[in-house]
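The following exercises concern a single protein chain model. Each task is followed by a worked solution.

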Amino acid sequence: MARLELDSVTKRFGEGDGSVLAVDDVDVDIADGEFLVLVGPSGCGKSTTLRMVAGLESITDGEIRLDGDRMNEQGPAERDIAMVFQSYALYPHMTVRQNMRFGLEESTDLSDEEMDGRVDETAELLDITELLDRKPGALSGGQRQRVALGRAIVREPKAFLMDEPLSNLDAKLRSQMRTELQQLQADLDTTTVYVTHDQTEAMTMGDRIAILDAGELQQVATPLEAYHRPANQFVAGFIGEPSMNFIDCATEDATLVDGGFRYPLGDEVGEAVADAADVTLGIRPEDLSVDASADASGGDAAGDHAFDATVTVVEPMGDENVVHLSLADGPELVATVNGLRRIESGTDVIVSIPENAIHVFDGDSGDALHNRSLDDAELDDARV
Ligand code: ATP
């Protein structure tokens with residue numbers, strides 16, 4: 001068990017003009033026993049960060065500490081950290097038992113009996129006892145992934161590093177393994193850094209998530225904090241499916257304006273955005289309400305935050321309908337509504353954008369100027 005600290009960690013590949021700044025001054029303090037998910041789009045520097053922690057990649061600048069001890073100069077074998085890869089990296093000519101024992105033989109001076117004891121115990125934990133004498137070629141993808149996990153667990157390391165360990169599995173198995181891994185990590189209480197580009201894994205698995213973009217850390221927060229109080233537009237757009245809607249606007253006298261689209265702001269939001277000339281209005285699909293059209297109810301969209309719109313496409317997902325909307329005044333939005341609600345493309349509707357659910361981002365920096373109303377108690381309640 002260990003606290004893992006990344007202190008201004010930077011990685012530059014190559015030198016001069018052609019060099020690549022893959023990881024830029026990243027600070028994360030991961031508590032003993034914490035499950036931290038490192039998430040971001042392809043090429044953002046997730047794997048490079050993990051490989052620096054593992055000792056597989058040198059660190060250009062900054063420091064990595066495990067339980068307060070500087071790791072920078074230590075090789076992978078000296079770090080007491082176990083890594084699980086997407087590719088499993090099992091030895092094909094060895095049985096499952098030999099694969100799981102191999103790391104122990106390399107890194108410990110346990111007796112044969114002690115090593116077998118640990119392998120048996122871990123195999124039982126992962127429900128792979130009956131596979132111990134098989135070779136990897138005779139295993140399914142899910143079984144191989146369990147063996148790869150077993151090989152890490154058997155070493156009883158101070159920390160686990162996992163690089164997209166579930167991405168080779170089919171959707172159903174992936175969601176099953178997701179739950180199992182969470183349970184396992186909670187039982188073992190071992191500090192874990194888990195890399196993924198899948199925001200569902202990030203939302204569901206981590207105690208906290210660290211979101212990276214282009215080598216830069218965007219935010220470290222609990223999943224719900226990142227969802228409801230994104231630090232910037234990148235985080236807001238990356239976390240959540242379907243993505244948050246964005247409308248680029250100018251600010252005119254506490255009103256957000258995009259062509260014919262006008263969204264007046266109350267005092268609180270108005271003050272928060274007063275200094276920015278260009279902003280982006282953000283609203284999550286589930287926070288939009290889609291109501292019977294003005295034509296059906298005999299009148300125009302009423303109220304400052306209600307807009308005439310036409311349904312362009314409906315995607316029935318079963319539990320919900322994803323409804324694509326075109327506002328009469330220009331912007332295109334995506335809303336989610338109950339899956340049992342009948343809603344046809346081509347229908348005229350009224351879309352309401354409630355002010356207590358909007359986010360506003362600075363047009364230049366992308367930083368959040370205002371996040372939706374939600375007090376801390378609501379975030380805590382939501383987590384129960
Ligand atoms: P993915 O999800 O696609 O694996 P990632 O977030 O893990 O992406 P990294 O593999 O860490 O991203 O790569 C970060 C950046 O560093 C990318 O621009 C990549 O091209 C670059 N990079 C990675 N390894 C090297 C290398 N050995 N030499 C030069 N550039 C590299």
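**Exercise 1.** What span should the 15 residues of helix H3 (residues 112–126) have at 1.5 Å a residue, and how far apart are its end C-alpha atoms?

*Solution.* The model is predicted, so local features need pLDDT of at least 70 and side-chain atom pairs count only at pLDDT 80 or more, while totals for chains, interfaces and linings use all residues. Residues are numbered from 1 along each chain as its sequence is written, and side-chain values use heavy atoms, without hydrogens and water.

Step 1. Helices are DSSP runs of H or I with at least four residues, strands runs of E with at least two, numbered from the N terminus. The expected span is 1.5 Å times one less than the number of residues.

Step 2. For H3 the expected span is 21 Å, and the end C-alpha atoms are 21 Å apart, which agrees.

**Exercise 2.** Identify the buried and exposed residues of H3.

*Solution.* Step 1. Met115, Arg118, Val119, Thr122, Ala123 and Leu126 are buried (under 20% relative accessible area, with exposed over 50%; 1.4 Å probe, protein chains only). They lie on the same side of H3, because their arc around the axis is only 130° (taken from the directions from the helix axis to the C-beta atoms).

Step 2. Exposed Glu113, Glu121 and Glu124 sit on the face turned away from that buried side.

**Exercise 3.** Which strands stand at the edges of the open sheet of 6 strands?

*Solution.* Step 1. The order is S13-S12-S11-S14-S20-S21, with antiparallel pairing (at least two DSSP bridges between two strands).

Step 2. S13 (261–264) and S21 (368–370) each have a single partner strand, so one side of each lacks a neighbour in the sheet.

Step 3. S20 (residues 359–362) pairs with S21 over 2 bridges; phenylalanine 361 has alanine 368 in S21 as its bridge partner.
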